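Work through the exercises below with the sequence and the model side by side. Each task is followed by a solution that goes step by step.

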Amino acid sequence: MYKKLFIPGPTHVRDKILQAQAAPMIGHRSKEYADLQAEVTPKLQQLLYTQQRVYLYASSSTGVMEGSVRQASTKRILNTVCGAFSKRWHQITAANGVPCDKVEVPMGQAITLELVDEALSKGDYDAITIVMNETSTGLMNPVEDIAALVRDKYPDVLILVDAVSCMAGAKIEFDAWGLDVCLAGVQKCFALPAGLTVCAVSDRARERAQHVTNPGYYFSYAQMDKKYEKHQTPATPAISLIQALNVQMDDILDEGLDNRWRRHEEMATCVQDWARRYFALYSDERYLSNTVTNIENTRGISVAGLNEELGKRGAMISNGYGDLKEKCFRIAHMGDLTLDDIEWLLGQIEDILELRDS
Ligand SMILES: Cc1ncc(COP(=O)(O)O)c(C=O)c1O
């Protein structure tokens, strides 16, 4: 039986989108392909409220995280860490030999303006990484406010944002916020199969990349730019996924961006209220995510057992991430899921666990 995915990626993909991938294959140097990329790119720019470049990489997000830190700095990068994925970005930066430091808060807490200000004031940094939606803890960092601080006080610092689990599920105003890189794989809030990453890059970041000694090749903005105006990519793109993305972007824009953000907020509020009623929320209440909720297992249930039962009823949620396994469980409310889906899922969990309001 198909299990509807309430995990924080890959998320449920509608049949229409699965079928859009089955369109006949086209050559990536053909006019048909260039027309496709020329059509989908402005839709992505609209989604991200940007006039600047949006690249499509045949890669999962991790690859683009790597490419972004390789091209961001001629000095030192500050990695902000608040959970598993922000930690990974620090590991990626270090593994690529890019000078970097991390500033870390405990899991479940947000990166604050004070923390960023203090750290940037102490070192010779020219880029900062921030995970907007920390999928491991269900927490959304105040990226707009952090970016405003950085733009104001540290104008040479590029702002790199991992929006992997919230792009297309939460509003990100790339130009107005003054971001430099913002990336996300499409298997989360875009609700597509995995294998393609969308990445907005500012003109400033493209300029910086030209002065970096080892920018790499596959993810290089300079390489991408050689083909950008022809609406192509230097290496073979994920054509079927881009065909599906083009269809999905029409549906996203038809839904209306404000409606899409609101739907995600409504689903999040529903899960958060439910979690407060029967369990507890893991992360700082002031920064709860709109796309995934991390619920503390205060009842000591078997999360694996719950998921097994849910599987028999056609659904799947996520265990806690890493050390939080069985201590927490996560319900994703992203992509094309609806409030009805969420209410159905919560009803199933109540039934399986025989939860009653106290
Ligand atoms: C916030 C965040 N960043 C990065 C990644 C890595 O994405 P991928 O495994 O698709 O490369 C994930 C995956 O879940 C994520 O949630």
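Two strands pair if DSSP finds at least two bridges between them, where strands (E, at least two residues) and helices (H or I, at least four residues) are DSSP runs numbered from the N terminus. The model is predicted, so local features need pLDDT of at least 70 and side-chain atom pairs count only at pLDDT 80 or more, while totals for chains, interfaces and linings use all residues. Residues are numbered from 1 along each chain as its sequence is written, and side-chain values use heavy atoms, with hydrogens and water left out.

**Exercise 1.** Find the bridge partner of N319 in β15, and place both strands in their sheet.

*Solution.* Begin with the residue pair: N319 has F329 as its bridge partner in β15. Next, take the strands themselves, for β14 and β15 (residues 328-332) are joined by two bridges in the antiparallel sense. Then widen the view to the open sheet of four strands, whose order is β11-β12-β15-β14 with antiparallel pairing. β11 (280-281) and β14 (318-319) are the edge strands, and because each has a single partner strand, one side of each is left without a neighbour in the sheet. Finally, look for the helix that packs on this sheet: α11 (residues 257-278) touches β11, β12 (292-296) and β15, and its direction makes about 0° with that of β12. Touching here is contact, meaning heavy atoms within 4.5 Å, and the angle, on a scale from 0 to 180 degrees, is taken between N-to-C directions of axes fitted to C-alpha atoms, for helices over the stretch in contact.

**Exercise 2.** Compare the expected span of α10 with the distance between its end C-alpha atoms, and find what its buried residues pack against.

*Solution.* The expected span is 1.5 Å times one less than the number of residues. Helix α10 (residues 239-255) has 17 residues and should therefore span 24 Å, which agrees with its end C-alpha atoms being 24 Å apart. Now turn to burial, where buried means under 20% relative accessible area, exposed over 50% and partly exposed in between, with a 1.4 Å probe and protein chains only. The buried residues of α10 include I239, L241, I242, L245 and M249. The buried residues of this helix pack against α1 (15-20), α2 (31-47), β2, β10 (197-201) and α11. Just after α10, G256 takes a positive phi of about 95°.

**Exercise 3.** Describe the surroundings of R53.

*Solution.* R53 lies in strand β2 (residues 53-57) and is buried, with a relative accessible area of 14%. A polar contact is a pair of N or O atoms within 3.5 Å; within protein, one must be able to donate a hydrogen and the other to accept it, and residues adjacent in sequence count only if both atoms are side-chain atoms. The R53 side chain makes such contacts with the side chains of D225 (2.9 Å) and E229 (2.8 Å). Leaving aside neighbours within four places in sequence, the residues in contact with R53 also include C199, R206 and Y228.

**Exercise 4.** Follow D162 from its strand to the ligand.

*Solution.* Strand β8 (residues 158-162) has five of its five residues buried; L158, L160 and D162 point one way, and I159 and V161 the other. Five bridges join β8 in parallel to β5 (residues 127-131), where V131 stands opposite D162. At the ligand, a polar side-chain atom of D162 lies 2.6 Å from a nitrogen atom, while a polar side-chain atom of S60 lies 2.5 Å from an oxygen atom.
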